[in-house]
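Visitor: I should like to understand how the terms used for a protein model are justified. May we look at one together and reason from values to conclusions?

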Amino acid sequence: MTISRRTFLASATSAAALAAAGLGPGSRPLWAQQPSYEILDLDLHDARRDRPVPVRLYLPHGASTGQPAPLVVFSHGIGGSRLGYRYLGSHWASQGFASLHLQHVGSDRNVWIGGNPFMLLGRLLDAAQETEAIARADDFRFALDRLLLGELGRRLDGRRIVAAGHSYGANTTLLAAGARVERPGRTLDLHDPRVGAAIVISAPPFYGESSPERILASVRVPSLHVTATDDVIRIPGYYSGVEDREAVFAAIGSTRKTLAVFEGGSHSMFTDRAGAGGPLLNAQVKAATRELTTAFLHSVHEGDDSELRAWPVRHAAIVSRFVGPG
């Protein structure tokens, strides 16, 4: 395992940044309000599977002073990497939550940049195979084991773990949270009992499965589902729209579940891309998603839903539908 380390201070460095954050003259700057955090890149390797598992950990500094941090484990979509979704990882760390971003080598950025460009469709199809879906869930468990049992484990609260992911990573999240897929003569059960809640962003359906209820009724942990009316996946031979995200939400077995549907947007708006879904809406949705996910984390760990229930009022201009926690 190799580690590279960088230290960041969650601060605004310009008047424009302060204004965007709603802070004017006389307000306390962000560096006075929020803790600093580190970014650690760890190159893990699972010897049993002979599979690299690169990860990035956003770690609040407060976690080194006797206050272990709750942990979010984040899984990227097809073509992503541990470097993605910085807008979420950095924000969560600034709020005191550690965030571990996995890289799944069978469905990471090499799908787009690796090999012959004429073989792109074949690489996409390979990345979507069941073997890779299983490998992703194994990545989740392996990285969590290594982190909690290693020297960084003392800085993390292993009793407060939330799984999170976008697109294909949302499927990985659901598997870790308890989704079960029936196969002839066996059940594909990749549940990690350490997962206490799930953040599910733009979840596609489980490919080839006709009954989401049969798969997702076993997900009993609190869950937050985030999507948009134009959250559409289009790849050759495959289409999935917002109705699939809403079907996933409806099929979840837990009664403690929340759905937020933004108006407009796009599927890739929830990545780090700044222009997807339109530059203005993109920035608004990212800010609202940071706030929403943090409110959900507070709800899960502190039992207080007040922030979560107030959220749709503050963002009514960009929210098409909101279903509050049960």
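Visitor: Leaving aside its neighbours within four places in sequence, which residues is serine 99 in contact with?

Guide: This is a predicted model. In it, serine 99 is in contact with Arg56, Leu57, Tyr58, Leu71, Val72, Gly89 and Trp92, its neighbours within four places in sequence being left aside. Serine 99 itself is found in strand 5, residues 98–102.

Visitor: What makes serine 99 count as buried or exposed?

Guide: Its relative accessibility is 0%. Buried means under 20%, so serine 99 counts as buried.

Visitor: How do you know that a polar contact joins serine 99 and histidine 101?

Guide: The distance given for the contact between their side chains is 2.8 Å. The cut-off is 3.5 Å for a pair of N or O atoms, and therefore the value meets the distance condition.

Visitor: Why is the link between aspartate 139 and arginine 51 called a salt bridge?

Guide: The closest N and O atoms of aspartate 139 and arginine 51 are 2.9 Å apart. The rule asks for a side-chain nitrogen of Lys or Arg within 4 Å of a carboxyl oxygen of Asp or Glu, so this pair is called a salt bridge. The pair also links distant parts of the chain, for aspartate 139 is in helix 6 (residues 130–149) and arginine 51 in strand 3 (residues 51–60), 88 residues apart.

Visitor: What makes each partner of that bridge buried?

Guide: Aspartate 139 has a relative accessibility of 0%, and arginine 51 has a relative accessible area of 11%. Because buried means under 20%, aspartate 139 counts as buried, and arginine 51 is buried as well. Asp139 and Arg51 also belong to a network of salt bridges that includes Asp46, Arg49 and Glu132.

Visitor: How do you know that aspartate 272 and arginine 86 form a salt bridge?

Guide: Their side chains meet at 3.6 Å, N to O. The limit is 4 Å, and so the pair qualifies. Aspartate 272 is in the loop between strand 13 (257–262) and helix 10 (279–302), whereas arginine 86 is in helix 3 (residues 86–94), 186 residues apart.

Visitor: Why are aspartate 272 and arginine 86 called partly exposed?

Guide: The relative accessible area is 24% for aspartate 272 and 43% for arginine 86. Partly exposed covers the range between under 20% and over 50%, so the term applies to aspartate 272 and to arginine 86.

Visitor: How many salt bridges does the rule give?

Guide: The count comes to 17 salt bridges. Another of them joins aspartate 145 and arginine 194, at 2.7 Å from N to O.

Visitor: What makes phenylalanine 262 and phenylalanine 270 a tilted aromatic pair?

Guide: The structure holds 5 aromatic pairs. In one of them, phenylalanine 262 and phenylalanine 270 lie 6.2 Å apart, centre to centre, with 40° between the planes. Ring centres must lie within 6.5 Å, and an angle that is neither under 30 degrees nor over 60 counts as tilted; therefore this pair is a tilted one. Both phenylalanine 262 and phenylalanine 270 are buried.

Visitor: Why is the pair of tryptophan 311 and phenylalanine 322 called tilted?

Guide: Tryptophan 311 and phenylalanine 322 are 5.7 Å apart, centre to centre, with 40° between the planes. Because an angle under 30 degrees would be stacked and one over 60 edge-to-face, the pair is called tilted. Tryptophan 311 lies in helix 11 (residues 306–314) and phenylalanine 322 in strand 14, so the pair ties together parts that are 11 residues apart in sequence.

Visitor: Are tryptophan 311 and phenylalanine 322 buried or partly exposed?

Guide: Tryptophan 311, at 0% relative accessibility, counts as buried, whereas phenylalanine 322, at 23%, counts as partly exposed. Ring pairs link Phe262, Phe270, Trp311 and Phe322 into a cluster.

Visitor: What makes proline 325 count as buried?

Guide: Proline 325 has 11% relative accessibility. The cut-off is under 20%, so proline 325 counts as buried. Its place is in the segment after strand 14 (319–323). Its contacts beyond four places in sequence include Lys257 and Thr258.

Conventions. Residues numbered from 1 in each chain as written. Predicted model: local features only at pLDDT ≥ 70, side-chain atom pairs only at ≥ 80, totals over all residues. Heavy atoms only, no water. Helix = DSSP H or I, 4+ residues; strand = E, 2+ residues; numbered from the N terminus. Buried < 20%, exposed > 50% of the residue type's maximum accessible area, 1.4 Å probe, protein only. Contact = heavy atoms within 4.5 Å. Polar contact = N/O pair within 3.5 Å; in protein donor to acceptor, adjacent residues only side chain to side chain. Phe/Tyr/Trp six-rings, centres within 6.5 Å; stacked < 30°, edge-to-face > 60°.
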